[in-house]
Amino acid sequence: MIRNSELWGGLFWLAIGAFVIWAGRDMGLGRLHQPGPGFAFYWIGILMCGLALAVIGQAFVSGGPTLSSLWAGTRWGKVLVVVGLLLIYGVGFETIGFIPCTLALLLVLMWFVDPVDWWLAVIVAVVATFGVWAALTKWLKIQLPAGVLAGIVG
């Protein structure tokens, strides 16, 4: 019996890998000692296709659950809540700012969507938010919207 989930996953990544190969060739490969802009993409695409073919082969060799059985028991209510929260996050991101939006999103997710202890939620939300903020703004020099905290953080 073919493992449908692995087969479809492998086919998906095979298609993505083929696109990456095509895009890499389109950008220009260059030469081995003077690689062009598409050189790395081309070889990454080949690696992706090879791994995808291994997954597809494994799907034919071993038996397993069907694709529909993987979705059984999915908590669709929570999925829809998370999608809604991410939409709200995206809408308020520019005006409210990265730090308040991210803190609020993480706290709501950890308190209401998939509850953890309040103290753990606060610690994780604060450390994750300020850790990502520092990595993006200080080390990678990416400008994030300050929003309501304009003038306070920079």
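Which backbone oxygen does the side chain of Thr137 reach? That was my opening query for this predicted model.

**Entry: Thr137**

I looked up the polar side of Thr137 and got the backbone oxygen of Trp133, with the side chain reaching it at 2.6 Å. Next I wanted its place in the fold: Thr137 sits in helix H6, which runs over residues 118–139. Buried or exposed, then, is Thr137? I noted 15% relative accessibility, so Thr137 goes down as buried, because the cut-off for buried is under 20%. I also listed what Thr137 touches once residues up to four places away in sequence are set aside: Ile142 and Leu144.

**Entry: the core**

Leu144 turned up again when I pulled the largest nonpolar core. How many residues does this core have? I wrote down nine: Phe98, Ile99, Leu103, Leu107, Met110, Ala121, Ala125, Trp133 and Leu144. Trp133, whose backbone oxygen Thr137 reaches, is on that list too. I then checked which elements give two or more residues to this core, and they are H6 and helix H5 (98–113). H5 has the largest share, with five residues. As a general note to myself, nonpolar side chains tend to be buried together in soluble globular proteins.

I picked Met110 out of the core for a closer look. Leaving out residues up to four places away in sequence, I found that Met110 touches Pro115, Val116, Ala121, Val124 and Ala125. Ala121 and Ala125 are core members as well.

**Entry: aromatic pairs**

How many aromatic pairs does a search of the whole structure find? My search came back with five. One of them is Phe19 with Trp22: the ring centres are 5.8 Å apart and the planes stand at 35 degrees, so I logged the pair as tilted, because planes count as stacked under 30 degrees and as edge-to-face over 60. Both residues belong to helix H1 (residues 4–27), and being three residues apart they are separated by about one helical turn. For Trp22 I got 53% relative accessibility, so Trp22 counts as exposed.

I took Tyr89 and Phe93 after that. This pair is tilted too, at 5.5 Å centre to centre with 50 degrees between the planes. Tyr89 and Phe93 share helix H4 (residues 76–96), where they are four residues apart, about one turn of the helix. Phe93 comes out at 21% relative accessibility, so I put it down as partly exposed.

Last lookup: which residues form one aromatic cluster with Tyr89? I got Phe93 and Phe98. That brought me back to the core, where Phe98 is also listed.

Note on methods:
Residues are numbered from 1 along each chain as its sequence is written. This is a predicted model: local features need pLDDT of at least 70, side-chain atom pairs count only at pLDDT 80 or more; totals for chains, interfaces and linings use all residues. Side-chain values use heavy atoms; hydrogens and water are left out. Buried means under 20% relative accessible area, exposed over 50%, partly exposed in between (1.4 Å probe, protein chains only). A polar contact is a pair of N or O atoms within 3.5 Å; within protein, one must be able to donate a hydrogen and the other to accept it, and residues adjacent in sequence count only if both atoms are side-chain atoms. Contact means heavy atoms within 4.5 Å. Rings of Phe, Tyr and Trp (its six-membered ring) pair if their centres lie within 6.5 Å; planes under 30 degrees apart count as stacked, over 60 as edge-to-face and the rest as tilted. A nonpolar core is a set of buried Ala, Val, Leu, Ile, Met, Phe, Trp, Tyr and Cys residues joined through side-chain atoms within 4.5 Å.
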